[in-house]
There are 2 protein chains.
Amino acid sequence: MTVLPRTTPTNSESAFQIIRDAILSGALSPGSKISEAHTCQIYGIGRGPLREALRRLEGCKLVEIKPNAGAKVSFIKPSQIIEIYEIRESLEGLACKLAATNANKTDCLALRSIITEQRLQMTQNNGDLAPLKEGDLDLHFSIVKVSGNTQLFQLLCHDLYQLVQLYRLQPNTSPSRPHIALEEHTQIVDAIERKDPELADLLMRRHISNARQELLANLSL
Amino acid sequence: MTVLPRTTPTNSESAFQIIRDAILSGALSPGSKISEAHTCQIYGIGRGPLREALRRLEGCKLVEIKPNAGAKVSFIKPSQIIEIYEIRESLEGLACKLAATNANKTDCLALRSIITEQRLQMTQNNGDLAPLKEGDLDLHFSIVKVSGNTQLFQLLCHDLYQLVQLYRLQPNTSPSRPHIALEEHTQIVDAIERKDPELADLLMRRHISNARQELLANLSL
DNA sequence: AGTAGCAAAATTGTTGACAAAAACGTGACG
DNA sequence: CGTCACGTTTTTGTCAACAATTTTGCTACT
């Protein structure tokens, strides 16, 4: 009885991961077409597994497939990202509410450590904001995880955040507002630690609403 | 220049729709395996298109595919449906808030007509509750549509409701509480009509929370 | 009887070839 | 000059056959 279900991933699985990462890193730019013949020649696989991988990516909303016209990397319009932020506002508020209800001391310590790490990053290299973005996601992910709602985790951390990431590498990358965000994060974790679901909910909603407002302001420059 | 992009759907598309409907209608029961050879023989198509259809269904969370083990119809556990109801509570609250903000008179009339239709159905055949379920979904769908957030519509009406439907045809089908629900619906539409976003949000959250509580009570019988 | 091992069957993963559709380019015509 | 038609080329949709993995069933042995 082998506990490990498999040793090598299938070609379809490999292609899925490779293409997904290529899309999320920007190597495949939004709107560009993914030619089957070309792509499966590059990765050295057949068209069958590739088409399955593309269908999975379609399920993640990362590519759009039209019959007899092939697959294109999704292009997220500004109006769509605003809508997604409205959804995030609601769902991450819920995540905070649940997190404040369910978090134990270990959870709180983990959240707190992310904050201190992020604060450290900021004082050290205040020019480079790449690790801050990462830390920002770390905190949001961790809160959703602490919420205990696995469906919510799946939805937010696997589906919606990928779309947000896809948007970020499009026309106008917002510069973000690290100092204010860090302050808001601290208050949110405080509320979770104090087991105040309503406040945690409110603060997270406001936090994401602020980010959305800034998005709106940036795209009407 | 033909405006209609295509006349006949692809085999993959047909298989996707047929299998999806079979799952949602209960013809394919949750947990049952979907054999490739068997299935593609029934529908008279090749394995390639069938596998693509299965990948799409996997993206809808209606089937689970494991490497070298094939596809099974998803089985929604009670804990999962509770989590989904928590998400619905949050998202449909948002939908109501947006609907109350954006609804014009035509929208309000449409919502109102669904309510009156539902009330009519109830007084006529108070034994058969099948059309009530349909009307219930009609109202929820319409509110989400009126909200104007297309991403939210996609998420709620295409993804989450399918999972709810899949759960309904599993072990313990809840009898539901039509009269109370109708009353709650009426109040929600009232709030939307009065352009009171906060109240509409609150009422819808409470409405779904009540449904969730009843789910919880039913599965701990 | 129960189990370990091995062979046979069934099922999934993958490929290449063929059919059909769309995209492209060329040329004739108004 | 623009546009319509048509043949070529490219790309997608589909199938059937092969390879690899899993499952099944049988046999032999303790």
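Q: What makes a residue count as near DNA strand D, and which residues are the closest?
A: A residue is near a strand if one of its heavy atoms lies within 4 Å of it. DNA strand D is surrounded by 17 residues, of which A:R47, A:R51, A:N68, B:N11 and B:G46 are the closest. Of the atoms of DNA strand D that come within 4 Å of the protein, 74% belong to sugar and phosphate. The model is predicted: local features need pLDDT of at least 70, side-chain atom pairs count only at pLDDT 80 or more, and totals for chains, interfaces and linings use all residues, while side-chain values use heavy atoms and leave out hydrogens and water. Residues are numbered from 1 along each chain as its sequence is written, and chains are lettered from A and ligands numbered from 1 in the order in which they are written.

Q: Why is the pair formed by A:R47 and a base oxygen of DNA strand D called a polar contact?
A: A polar contact is a pair of N or O atoms within 3.5 Å (within protein, one must be able to donate a hydrogen and the other to accept it, and residues adjacent in sequence count only if both atoms are side-chain atoms). An N or O atom in the side chain of A:R47 is 2.3 Å from the base oxygen, so the pair meets the limit. A polar backbone atom of B:N11 is 2.3 Å from a phosphate oxygen of DNA strand D, and the side chain of A:K33 has an N or O atom 3.4 Å from a phosphate oxygen of that strand.

Q: Which residues come nearest to DNA strand C, and what polar contacts does B:R47 make with that strand?
A: The nearest of the 18 residues around DNA strand C are A:N11, A:G46, B:R47, B:R51 and B:N68. A side-chain N or O atom of B:R47 is 2.3 Å from a base oxygen of DNA strand C. For B:R51, a polar side-chain atom lies 2.6 Å from a phosphate oxygen of the strand.

Q: How do you know how the residues of the surface near DNA strand C divide by type?
A: Ala, Val, Leu, Ile, Met, Phe, Trp, Tyr, Cys and Pro count as nonpolar, Asp, Glu, Lys and Arg as charged, and the others, Gly among them, as polar. On that basis the surface near DNA strand C has 4 nonpolar, 9 polar and 5 charged residues. Helix α3(A) gives the largest share, 3 residues; helices (H or I, at least four residues) are DSSP runs numbered from the N terminus, as are strands (E, at least two).

Q: Why is the pair of B:E52 and A:R55 called a salt bridge?
A: A salt bridge is a side-chain nitrogen of Lys or Arg within 4 Å of a carboxyl oxygen of Asp or Glu. The N to O distance between B:E52 and A:R55 is 3.1 Å, so the pair qualifies. B:E52 lies in helix α3 of chain B and A:R55 in helix α3 of chain A, so the salt bridge joins two chains. Over all chains the count is 24 salt bridges.

Q: What makes α1(A) and α3(A) oblique?
A: Angles under 35 degrees count as roughly parallel, over 145 as roughly antiparallel, 65 to 115 as roughly perpendicular and the rest as oblique. The two helices pack at about 50°, with axes 8 Å apart, which makes α1(A) oblique to α3(A). Axes are lines fitted to C-alpha atoms, for helices over the stretch in contact, and angles run from 0 to 180 degrees between N-to-C directions.
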